[in-house]
Amino acid sequence: RLDNVWEGIKTKEIAERVKPLPEAKFVILHAEEGWTTNVPLEDFLKNSSLLAHSHNGAPLTPEHGFPLRAVMPHLYFWKSAKWLRGIQFTKENHPGFWEKNGYHMRGNPWKEERYSFD
């Protein structure tokens, strides 16, 4: 869906404050009940990537990720983890829940990176 308005803190600002080690090349987003997804650090740091607390002028509802949702609008939305509980910077690209179950490791919609077997 296009024309969404998300509000929150830019992921780039989080990384500036945390100062990941130079060998960190990937980010694992940890969500409620053990759900995870992986993103390359360069995608996490994009200016459009953020940790959202609001959508279209209203606080997030539980079904849309309250209290905090990662938003990576340039990737397929399974990369925008709901119910965010932790952020892990890592050297290796570890597959998250969906990636372990056949989804693409990056998920660029403009390249139709949907499934790992594409």
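A pocket here is an open set of grid points, on a 1 Å grid over the protein atoms alone, with protein on both sides within 12 Å along at least five of seven lines. Its volume is the space filled by probe spheres set on the points. Everything that follows concerns a predicted model.

Start with the second largest pocket. About 180 Å³ of space lies in it. Its lining includes Ala-31, Trp-35, Thr-36, Thr-37 and Arg-69. Phe-77, Trp-78, Ser-80 and Ala-81 also line this pocket, as do Lys-82, Trp-83 and Trp-98. By class, seven lining residues are nonpolar, three are polar and two are charged. Rolling a probe the size of a water molecule over the atoms shows where empty space is left.

Thr-37 is a good residue to follow out of the pocket lining. It sits in strand β3, which covers residues 36–40. Is Thr-37 buried or exposed? Thr-37 counts as buried, because its relative accessibility is 1% and the cut-off for buried is under 20%. Beyond its sequence neighbours up to four places away, Thr-37 touches Val-27, Ile-28 and Leu-29. It also touches Trp-78, Lys-79, Ala-81, Gly-96 and Glu-99.

Which side chain makes a polar contact with that of Thr-37? The partner is Glu-99, at 2.9 Å. Glu-99 lies in helix α3. Its relative accessible area is 7%, so Glu-99 is buried. A polar contact of 2.9 Å also joins the side chains of Glu-99 and Trp-78. Trp-78 is itself one of the residues lining the second largest pocket. Leaving aside neighbours within four places in sequence, the contacts of Glu-99 include Thr-36, Asn-38, Lys-79, His-104 and Met-105.

Phe-97 is in helix α3 too. At 32% relative accessibility, Phe-97 counts as partly exposed. Leaving aside neighbours within four places in sequence, Phe-97 is in contact with Trp-35 and Thr-36. Both Trp-35 and Thr-36 line the second largest pocket. Pro-20 is 77 residues from Phe-97 along the chain, and their C-alpha atoms are separated by 23 Å.

Now turn to the nonpolar interior. In soluble globular proteins, nonpolar side chains tend to be buried together. The largest nonpolar core has 13 residues. Which of them touch the most other members? They are Val-27, Leu-29, Phe-44, Ala-70, Met-72 and Leu-84. Two elements give two or more residues to this core: β2 (26–31) and α2 (41–44). Strand β2 gives the most, with three residues.

Phe-44 shows how such a core member is surrounded. Not counting residues up to four places away in sequence, Phe-44 touches Val-27, Leu-29 and Met-72. Its other contacts include Thr-11, Lys-12, Val-39, Ser-49, Ile-87 and Phe-89. Another core, of five residues, lies apart from the largest one. Its members include Trp-6, Leu-50, Ala-52 and Val-71.

Next comes His-53, in strand β4 (residues 50–55). His-53 is partly exposed, because its relative accessible area of 39% falls between the 20% and 50% cut-offs. The His-53 side chain makes a polar contact of 2.8 Å with the side chain of Ser-54. Which residues does His-53 touch, not counting those up to four places away in sequence? They are Glu-7, Gly-8, Ala-58, Pro-59, Leu-60, Pro-67 and Leu-68. Phe-66 is 13 residues from His-53 along the chain, with 6.9 Å between the two C-alpha atoms.

Phe-66 leads to the backbone. Most residues other than glycine have a negative phi, and most peptide bonds are trans. What kind of peptide bond joins Phe-66 and Pro-67? The bond is cis, with omega about 10 degrees. Pro-67 is placed in the loop between β5 (58–59) and β6 (69–71).

Lys-19 is not a glycine, yet its phi is positive, about 60 degrees. Its place is the loop between α1 (11–18) and β2. Lys-19 counts as exposed, at 62% relative accessibility. Glu-112 also has a positive phi, near 55 degrees, in a residue other than glycine. Glu-112 is found in the segment after α3 (97–100).

Key. Residues are numbered from 1 along each chain as its sequence is written. This is a predicted model: local features need pLDDT of at least 70, side-chain atom pairs count only at pLDDT 80 or more; totals for chains, interfaces and linings use all residues. Side-chain values use heavy atoms; hydrogens and water are left out. Helices (H or I, at least four residues) and strands (E, at least two) are DSSP runs, numbered from the N terminus. Buried means under 20% relative accessible area, exposed over 50%, partly exposed in between (1.4 Å probe, protein chains only). Contact means heavy atoms within 4.5 Å. A polar contact is a pair of N or O atoms within 3.5 Å; within protein, one must be able to donate a hydrogen and the other to accept it, and residues adjacent in sequence count only if both atoms are side-chain atoms. A nonpolar core is a set of buried Ala, Val, Leu, Ile, Met, Phe, Trp, Tyr and Cys residues joined through side-chain atoms within 4.5 Å. On a 1 Å grid over the protein atoms alone, a cavity is a set of points where a 1.4 Å probe fits but cannot get out, and a pocket is an open set with protein on both sides within 12 Å along at least five of seven lines; lining residues have an atom within 4 Å of a point. Ala, Val, Leu, Ile, Met, Phe, Trp, Tyr, Cys and Pro count as nonpolar, Asp, Glu, Lys and Arg as charged, and the others, Gly among them, as polar.
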